[in-house]
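Dear colleague,

I am handing over the structure below, and I would be grateful if you could look through it alongside the notes that follow.

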Protein chains: 2
Amino acid sequence: MNELLRVARALGDPNRVRAFLALEKRELCACQLIELLGLAPSTVSKHMAVLKHAGLVDSRKSGRWVHYRCTGKRAVPAVREAIAWAHRSLRHDPQITRDRRRLVAILLRTPAEACDTDRSPVTRRSAVAAARR
Amino acid sequence: MNELLRVARALGDPNRVRAFLALEKRELCACQLIELLGLAPSTVSKHMAVLKHAGLVDSRKSGRWVHYRCTGKRAVPAVREAIAWAHRSLRHDPQITRDRRRLVAILLRTPAEACDTDRSPVTRRSAVAAARR
DNA sequence: TCGTTATTTCGCCAACAAGCGAAGTATCGG
DNA sequence: CCGATACTTCGCTTGTTGGCGAAATAACGA
């Protein structure tokens, strides 16, 4: 039952839930999650490690940046079911809705100065479009 | 998102998960859960209050006894989905399997001396049969 | 009414979790 | 190399949680 316990505990903290839901439609690098949540980098790093250990999220390192993404369909069935539960029950949550809006701004702004200098304008535009959906 | 947080936190403790899974097929009174978990009555009472507050469980008082039961189909959709997730991911869990076996013994023994003096032998037999399934 | 039994509430302690800042690791740009 | 940038790990503080036993509440049975 350790898998269920890890997943349940990972989803038991509001900031982790916010970070996890922000990854519903796209991957994000740590600095974008830090800006979204407004927490210290070390805190966000710890939160992401918890989500990762639970199998809800994985990460890919590209240069200086670590990109996090939801494991989604690649997750094992038990975790996949939890992901569907979380996404569905928070679809209309006010906090998550606010976060979605703020993400649009973050995705528009941070590319120029930070995380994805290697991301082409066209990719950036589609990421923003995805965030609006 | 408070509902999800309450449910996730409720399912984040192994003893609460065991108690909750024990209620999958039948209702149980507090003393049976106390015996199953081997914890102090006050501790079990607190655990059940957490499960109840999360909407995973409700209770019905009958005389001296409080019978707990899974809210199951009566739960709101978000909670119902979590219930299905928990039940499905723990169907073959070793600890839960051990608990199911011990429950058979508890259901056979406790009626005579404790909780369900008001339960007729035929009902008791069917409860035991359900526990074996 | 009085004692007994079932359960909850209260008060406490130890373990854990979330937060931060400082120091450490890794990668890029010069 | 050296500084800067992006994270992560470490050490610490503070709030929360899980456990217990003792006392309180409730209901039954004599």
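The largest share of the surface near DNA strand C, four residues, is supplied by α4(A), where near means that a residue has a heavy atom within 4 Å of the strand, and where helices (H or I, at least four residues) and strands (E, at least two) are DSSP runs numbered from the N terminus. Please bear in mind that this is a predicted model, in which local features need pLDDT of at least 70 and side-chain atom pairs count only at pLDDT 80 or more, while totals for chains, interfaces and linings use all residues. Residues are numbered from 1 along each chain as its sequence is written, chains are lettered from A and ligands numbered from 1 in the order in which they are written, and side-chain values use heavy atoms, with hydrogens and water left out.

DNA strand C is surrounded by 23 residues, of which Asn15(A), Arg16(A), Thr43(A), His47(A) and Tyr68(B) are the closest. Of the strand C atoms within 4 Å of the protein, 68% belong to sugar or phosphate and the rest to bases. Among the polar contacts (pairs of N or O atoms within 3.5 Å), a side-chain N or O atom of Arg16(A) is 2.6 Å from a phosphate oxygen of strand C, and one in the side chain of Ser45(B) is 2.8 Å from a phosphate oxygen, whereas Ser42(A) places a polar side-chain atom 3.0 Å from a base oxygen.

Turning to DNA strand D, the residues that come nearest, of the 23 around it, are Val66(A), Asn15(B), Arg16(B), Thr43(B) and His47(B). The largest share of this surface, four residues, comes from α4(B), and 70% of the strand D atoms within 4 Å of the protein belong to sugar or phosphate, the rest being base atoms. A polar side-chain atom of Arg16(B) lies 2.7 Å from a phosphate oxygen of strand D, a polar backbone atom of Cys31(A) is 2.8 Å from a phosphate oxygen, and a side-chain N or O atom of Ser42(B) is 3.0 Å from a base oxygen.

As for the two protein chains, a rotation of 180° with 0.0 Å of shift along its axis superposes chain A on chain B, with an RMSD of 0.0 Å, the fit being by least squares on the C-alpha atoms of residues with pLDDT of at least 70 in both. That is the relation of a two-fold axis, and in chain A the C-alpha nearest the axis, at 2.3 Å, belongs to Ala8(A).

With best regards

Notes: Polar contact = N/O pair within 3.5 Å; in protein donor to acceptor, adjacent residues only side chain to side chain.
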